Each structure stands twice: as C-alpha cells, then as structure tokens.
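Please examine the sequence and the structure shown below. This report considers how nonpolar side chains gather and how charged side chains pair.

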Amino acid sequence: MDPHARATLRDVPAYVPGNRPLARGEGLAPLAHLASNENPLGPSPLALEALARASSQWARYPDDHCADLREALAARLGVPTECLAVGAGSSGLLKLLAEAYLEPGRTVVYAWPTFPMYRIVARLQEAVEVPVPLDGDGRHDLARMAEAARRASLVVVCNPNNPTGTYVSEAELVAFLGQVPEDALVVLDEAYAEFARAAAPDYPDSVRWVREGRRVAVLRSFSKVYGLAGLRVGYLVAPPEVVEAVGRARVPFPVCAPAQVAALAALADEAHVGRTLQVVAEGRRRLQQLAGQLGLPSYPSVANFVWLDVGRPAEQVAAELLRRGVLVRPGPIGTTWLRVSVGTPEELSRFEGALRQVLAAAG
Ligand SMILES: Cc1ncc(COP(=O)(O)O)c(C=O)c1O
C-alpha cells in the first residue's frame, strides 16, 4: 500500500467478498452459488421489465433524492419520507452512518462474530470499538452490549445476525432499548428482515420505534429477498435528524437510475417475494436436516443461510466444495465453521452431494 496513505488504513481489514473466485475468473465457474446470501430465484420479473422500459433514461443523471422509491417505501412502512434515505446498498448507508457518527474517541459497540463491515467502517473512522462476543447459543449478548453502550455513539445489532442466522426478539429488543442511553444511536441491521419475519412471529417490528420517535436507525437491503444484489440499493429508516446527518456525508447521485427503477418495481412484486420466502424456508429446513444427519453443529437460523461446523478447517472444505462446483463461505481463517446460503433445490442437492463426498474423503 502507498506509504503516504493514512496510517489508519493498515488496520482496516479488507472485505473479502463471497463471490471472489467468480469475480476474478479463478477456478471453476460454480454451479451452486451459496456464498453471498443472494436470492436463488434471481430478480423480480417485474423489475426486469421495468428496467427494459426505462433504458432510454440512462444518459441522464438519476434522481438525487430517490423520491419515487422513498415515497413508495414511506407508504409501505407508514413513516414520513423524511425518515427515509436510499443508498448504494445497505452497506453504503452503514458507511455513511459511521462517517456521520464516529470519529477518534467515539465508541461503537457490535457483536462478534458478525457482518465484518461494522469493524471496517469503525476502523476507517478511527473509532473505539467494543466487539461483544456472541453468547453460547450464537446470539447477541444484549446485557453486555447494553453495559458497553453507556459510553457509545453507535450500537449495531445485526438482526438476524450474519453469520449465525440467530435473531433478537421484539421483547428482548424492547428491554435492550430501555437500557441504552438516549444519545447512543442504535443501528438495527435488518438485511434479512423479510426472511426472519416469515420464520419468527416475535421478530421485532422495528420501524415502529422510528414512528414513535426513538433514536433507532433501521437498515434494509434490496440485495436479499428482492434479488437485486448486483444493482446495489438499500434503505435507512430513521428519525429525520439522523437521515439529515447521513445525507451530509453522501456523494451526489448515490443510487444509479437502474437501481431506483428496479427497486421500485421489485418492492411491488409481492408474488416474487412470496415465492422467495417459500423456497428459502424449505431450503433452510433441508440444510438444517442435512446438518443433523451428518452430526454437524449449527444454529437455528431465521435467515437465508445456515452456519455449520464442519469439524475440519473450513477454508479447506470450501476449496474442496468449489472444486465440485459449489461456492460457500468459510468463516475466518482457522475456523471450522462454514456459511451456506439457501439456494434452489438443485443447488442444495449439488451441495449435499459434494459435502458428503468431501467429508467422507476427509475420513
Ligand atoms: C448483515 C448484513 N448487512 C448488510 C449486508 C449488505 O447488504 P447490501 O448488499 O445492501 O449492501 C449484508 C450482506 O451480506 C449483510 O449480511
């Protein structure tokens, strides 16, 4: 790295995308894409039609304020448009939140292990980090997080948590919010909310807290249930003053026109969302059954992925699976845990066959 760049950058871990071998053209083109928790059914057909119809617009700059999409989201969620920001993926908005609320000497609290972007954006801001280990059930340790939150500017709850797939319930979150000081902003990363809501009746209705004026920022994504990961679009629901603060940190035209057009159409495509939820619920059940049959420990996921202990170095198992056309996500180096996204039934059959072979060969 350039020695003249900020020294801080040496401490910022690189984000390793799950589709790295694909993107770099290395190795086999996988036949089962189970590494990035995308929608196995692809984008909504209505989004594809809307994109085709709008293609003559691409020479123009997009709407800087994403007004149509914000209005549609506001109507859907029952909040004023001032409570909504749209960004280049929910991770783009997460970075803006960090830029708006973190700086040297300010503290951010998050669980660990979790989505690695919290660590990355905190390091970029040179903030004080308090990673709180998950409890023995792979769940957020909210008592310890609330304790640490007394000194925090930001507290991030990944709900459901990536990579474990475990979730924090409405009652647990109500109790937690009661313990966190009002001046700490609680960020609820709900990239997988739609799957969790379908799986767990006590998954929180967190937008309610924004309606009630609580300092809560909810992050959602069009990359998962809406199948638009390649277009990079996500949204933030938060009190107007938080949306305004985040807006100060952004670049002009942060969300490209195709992303706005596709997201608006995908939001209205309830049939596609319904089909996706059904395929994911069935596939998740199947992965959990497979883990049980093979005696591999796993957590009770409510998301579109399962975190499995394969009992041998996960990097090696992932490399063996890739040789058999299956792309999964190993945990950090040295771990025996793998994250497997729920794919189509065909992708899951391929994964099952490959995993059985790899585990049998390892003895
Ligand atoms: C917990 C969590 N938050 C955010 C994201 C990023 O979503 P987006 O594609 O909207 O940036 C992911 C993606 O894997 C995730 O797992």
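The nonpolar cores are described below, followed by the salt bridges. The structure is a predicted model.

**Nonpolar cores**

In soluble globular proteins, nonpolar side chains tend to be buried together. In this model, the largest nonpolar core holds 60 residues, and Met145, Phe176, Phe222 and Val237 touch the most other members. Helix H11, which spans residues 257-268, contributes the most to this core, with seven residues. At least three residues of this core come from each of domain 1 (7-42 + 271-362) and domain 2 (45-269).

Which residues does phenylalanine 176 touch, when residues up to four places away in sequence are not counted? Phenylalanine 176 is in contact with Leu142, Met145, Ala146, Val155, Val157 and Val186. A second core, separate from the one above, has 30 residues, including Ala122, Ala127, Ala217 and Leu236.

**Salt bridges**

The count of salt bridges in the model comes to 18. Three of the pairs are listed here with their N to O distances.

| Acidic residue | Basic residue | N to O distance |
|---|---|---|
| Aspartate 64 | Arginine 250 | 2.9 Å |
| Glutamate 270 | Arginine 76 | 3.8 Å |
| Glutamate 170 | Arginine 208 | 2.2 Å |

The side chains of aspartate 64 and arginine 250 meet in a salt bridge. Aspartate 64 belongs to the loop between helix H2 (45-54) and helix H3 (67-77), and arginine 250 to the loop between helix H10 (240-248) and H11, so this pair ties together parts that are 186 residues apart in sequence. Aspartate 64 is partly exposed, at 22% relative accessibility, and arginine 250 is also partly exposed, at 24%.

Glutamate 270 forms a salt bridge with arginine 76. Because glutamate 270 lies in helix H12 (residues 270-294) and arginine 76 in helix H3, the pair ties together parts that are 194 residues apart in sequence. Is glutamate 270 buried or exposed? With a relative accessible area of 57%, glutamate 270 is exposed, whereas arginine 76 is partly exposed, at 41%.

The third listed pair joins glutamate 170 and arginine 208. Glutamate 170 is found in helix H7 (residues 170-179) and arginine 208 in helix H9 (residues 207-211), so this salt bridge ties together parts that are 38 residues apart in sequence. Glutamate 170 has a relative accessible area of 22% and is partly exposed; arginine 208, at 23%, is partly exposed as well.

Salt bridges can also be linked to one another in this model: Arg119, Arg123 and Glu129 form a network of them.

Notes: Residues are numbered from 1 along each chain as its sequence is written. This is a predicted model: local features need pLDDT of at least 70, side-chain atom pairs count only at pLDDT 80 or more; totals for chains, interfaces and linings use all residues. Side-chain values use heavy atoms; hydrogens and water are left out. A nonpolar core is a set of buried Ala, Val, Leu, Ile, Met, Phe, Trp, Tyr and Cys residues joined through side-chain atoms within 4.5 Å. Buried means under 20% relative accessible area, exposed over 50%, partly exposed in between (1.4 Å probe, protein chains only). Helices (H or I, at least four residues) and strands (E, at least two) are DSSP runs, numbered from the N terminus. Domain bounds come from an automatic or database domain assignment. Contact means heavy atoms within 4.5 Å. A salt bridge is a side-chain nitrogen of Lys or Arg within 4 Å of a carboxyl oxygen of Asp or Glu.
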